[in-house]
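Open the model in your viewer and keep the sequence panel visible. The stops below say what to select next and what is there.

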Amino acid sequence: MYEPANEGDGARILVDRLWPRGVSKSEARIDLWLKDIAPSTGLRRWFGHDPNKWSEFRRRYQDELKRNAKVVDEIKEKIGQSTATLLYGAKDVEHNHAIVLMDFITRQ
C-alpha cells in the first residue's frame, strides 16, 4: 500500500479492515475496498505481525475465509482472469494476510 500505484496493477483492491495510516485516498487509487475479507480484529491483534505466530495465523485466517464465502466470491469475481493488486498496510511483505488471501483464492 505504501508503494506508488503502477499502470500494471490492474484492479487495486484494499483488503484491510482499517485504512492505512498516512495514505490519502487520492494517492491510493483504490478500485475496491473489501473490509470484510480482512482478518477479524481479534485475529489481527493476536497475530501482531509476529513471525513466530505465522503458521497458526495462516491456519486461523484460512478458517475465517472458509466461513466468509460471500466476500471471497466477491473478490474472485472482481479479479476474474484479469490482473489485480491486493493492497494492505503491513510493512512486512512476507508475513501478512494478503499473502494468505491470495493463496486461498487461487486454490479455490
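Start by selecting Arg 60 and Trp 46: the charged end of Arg 60 sits over the ring of Trp 46, 4.0 Å from its centre. A charge counts as over a ring if NZ of Lys or CZ of Arg is within 6 Å of the ring centre and within 35 degrees of the ring normal. This is a predicted model, in which local features need pLDDT of at least 70 and side-chain atom pairs count only at pLDDT 80 or more, while totals for chains, interfaces and linings use all residues. Residues are numbered from 1 along each chain as its sequence is written, and side-chain values use heavy atoms, with hydrogens and water left out.

**Around Arg 60**

Keep Arg 60 selected and add Glu 56; their side chains meet in a salt bridge, 2.9 Å from N to O. The term means a side-chain nitrogen of Lys or Arg within 4 Å of a carboxyl oxygen of Asp or Glu. Both residues lie in helix H3, four residues apart, about one turn of the helix. Helices (H or I, at least four residues) and strands (E, at least two) are DSSP runs, numbered from the N terminus.

Arg 60 is partly exposed, with a relative accessible area of 32%. On this scale buried is under 20% relative accessible area, exposed is over 50%, and partly exposed is in between (1.4 Å probe, protein chains only).

Now add Arg 59. Its closest N and O atoms to Glu 56 are 2.6 Å apart, in another salt bridge. Which residues do salt bridges with shared partners join into one network? Glu 56, Arg 59, Arg 60 and Asp 63.

**Aromatic rings**

A search of the whole structure finds five aromatic pairs. Rings of Phe, Tyr and Trp (its six-membered ring) pair if their centres lie within 6.5 Å; planes under 30 degrees apart count as stacked, over 60 as edge-to-face and the rest as tilted.

Select Trp 19 and Trp 33: their ring centres are 5.2 Å apart and their planes at 70°, so this pair is edge-to-face. Trp 19 is in the loop between E1 and H1 and Trp 33 in strand E2 (residues 32–33), so the pair ties together parts 14 residues apart in sequence. Trp 19 counts as partly exposed, at 23% relative accessibility, and Trp 33 is partly exposed at 28%.

Next, select Phe 47 and Phe 57, whose ring centres are 4.2 Å apart with planes at 15°, so the pair is stacked. Phe 47 belongs to helix H2 (residues 41–47) and Phe 57 to helix H3 (residues 54–66). Both Phe 47 and Phe 57 are buried. Add Trp 54 and Tyr 61 to see the cluster that ring pairs form with Phe 47 and Phe 57.

Go back to Trp 19 and show Lys 25, which lies over the face of Trp 19, at 5.4 Å from the ring centre.

**Asp 16**

Finish at Asp 16, in the loop between strand E1 (11–14) and helix H1 (25–28). How far away is the nearest side chain of opposite charge? That side chain, Arg 44, is 7.5 Å away, and Asp 16 is buried yet has no salt bridge. For charge, Lys and Arg count as positive and Asp and Glu as negative; His and the chain ends are not counted.

Show Gly 89 as well: its backbone nitrogen lies 2.6 Å from a polar atom of the Asp 16 side chain. Leaving aside neighbours within four places in sequence, Asp 16 is in contact (heavy atoms within 4.5 Å) with residues including Trp 33, Leu 87 and His 97.

Key:
A polar contact is a pair of N or O atoms within 3.5 Å; within protein, one must be able to donate a hydrogen and the other to accept it, and residues adjacent in sequence count only if both atoms are side-chain atoms.
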